[in-house]
Amino acid sequence: MATIPLTKRGAEKLKEELHRLKTVERHAVIQAISEARAQGDLSENAEYDAAKDKQGFIEGRILEIESKLAAAQIIDPSALDAGGRVVFGATVVLCDDDSGAEVTYQIVGDDEADLKLGRVSISSPIARALIGKETGDEAVVQAPGGERHYEVVDVRYI
């Protein structure tokens with residue numbers, strides 16, 4: 001099984017979600033199934049069907065998170081020493097060559113990606129273009145809207 005890179009923060013979020021699913025959501029759906037069964041005929045009971053569907057989703061998500069955590073390679077960005085190179089977990093300040101605007105991204109795992117928070121997935125085109133670059137290097141990103149050119153302004157491990 002391949003390892004899944006996760007930042008320390010991303011692993012904690014998955015553990016929190018797993019705990020919530022097992023301790024809160026699972027018990028709530030069991031209660032909903034019990035209440036729906038008490039109403040009688042299950043063949044025409046929409047509440048029972050909805051509760052069983054939700055139970056299937058919760059159990060599937062629990063299995064998915066457990067397997068991701070089992071295969072996770074947890075990386076603490078603050079403990080990295082990559083010599084100024086862009087690596088997984090690094091926070092990168094970029095300057096768009098066309099507009100001159102600066103943007104800051106942290107390269108994270110697929111489950112942690114959130115562009116609004118400045119977190120891009122390791123499998124995204126921009127992250128793939130940045131890996132291995134250093135301050136002052138130019139990165140060419142093959143974006144859906146065409147080729148974009150960025151200059152690496154700063155690389156931090158926070």
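Contact, as I use the word in this notebook, means heavy atoms within 4.5 Å. I also note at the start that the structure I am reading is a predicted model.

**Entry 1: Ser 121**

I began with Ser 121, which I found in strand 5, a strand made of residues 119-121. Leaving out residues up to four places away in sequence, I listed Val 108, Gly 109, Asp 110, Ala 113 and Ala 127 as the residues that Ser 121 touches. I then looked up whether Ser 121 is buried or exposed. Its relative accessible area is 11%, and because buried means under 20%, I entered Ser 121 as buried. Turning to polar contacts, I noted one between the side chains of Ser 121 and Asp 110, at 2.3 Å. A second polar contact, of 2.9 Å, joins the side chain of Ser 121 to that of Ser 123.

**Entry 2: two residues of helix 2**

Next I went to helix 2, residues 46-70, where Ser 67 lies, and Lys 68 has its place in helix 2 as well. Ser 67 has a relative accessible area of 31%, so I wrote it down as partly exposed, a class that runs between 20% and 50%. For Lys 68 the relative accessible area is 15%, and I therefore recorded this residue as buried, since the cut-off is under 20%.

I also checked what lies around these residues. The C-alpha atom of Ser 67 is separated by 9.9 Å from that of Ile 4, although the two residues are 63 residues apart along the chain. With neighbours within four places in sequence set aside, Lys 68 is in contact with Ile 4, Arg 61 and Asp 111. Between the side chains of Lys 68 and Asp 111 I found a polar contact of 2.8 Å.

**Entry 3: the largest pocket**

I looked up the largest pocket and wrote down a volume of about 190 Å³. Which residues line the largest pocket? They are Leu 6, Arg 9, Gly 10, Lys 13, Leu 14, Glu 17, Arg 61, Asp 111, Glu 112 and Arg 119. Sorting this lining by kind, I counted two nonpolar residues, one polar residue and seven charged ones. Helix 1, residues 8-37, supplies the largest share of the lining, namely five residues.

**Entry 4: the nonpolar cores**

I then turned to the largest nonpolar core, which has 21 residues, and noted that Leu 94, Ile 107, Ile 126 and Leu 130 touch the most other members. At least two residues of this core come from each of strand 3 (91-96), strand 4 (102-108), helix 3 (125-130), strand 6 (138-143) and strand 7 (146-156). Helix 3 gives the most, with four residues. Taking Ile 126 by itself, and leaving aside its neighbours within four places in sequence, I found contacts with Leu 94, Tyr 105, Val 120, Val 141 and Tyr 150. Apart from the largest core lies another, of 13 residues, including Ala 11, Ile 33, Tyr 48 and Ala 51. As background I added that in soluble globular proteins nonpolar side chains tend to be buried together.

**Entry 5: Gly 89**

My last stop was Gly 89, in the loop between strand 2 (72-75) and strand 3. Its relative accessibility is 0%, and because anything under 20% counts as buried, I recorded Gly 89 as buried. Setting aside neighbours within four places in sequence, I found Gly 89 in contact with Thr 7, Pro 77, Gln 106 and Ile 107. For Gly 89 and Gln 106, which are 17 residues apart in sequence, the C-alpha to C-alpha distance is 6.2 Å.

Key
Residues numbered from 1 in each chain as written. Predicted model: local features only at pLDDT ≥ 70, side-chain atom pairs only at ≥ 80, totals over all residues. Heavy atoms only, no water. Core = buried A, V, L, I, M, F, W, Y, C linked by side-chain atoms within 4.5 Å. Buried < 20%, exposed > 50% of the residue type's maximum accessible area, 1.4 Å probe, protein only. 1 Å grid on protein atoms, 1.4 Å probe; cavity = no way out; pocket = protein on both sides within 12 Å on 5 of 7 lines; lining within 4 Å. Points joined across faces, edges and corners; volume = space filled by probe spheres on them. Nonpolar A, V, L, I, M, F, W, Y, C, P; charged D, E, K, R; others polar. Polar contact = N/O pair within 3.5 Å; in protein donor to acceptor, adjacent residues only side chain to side chain.
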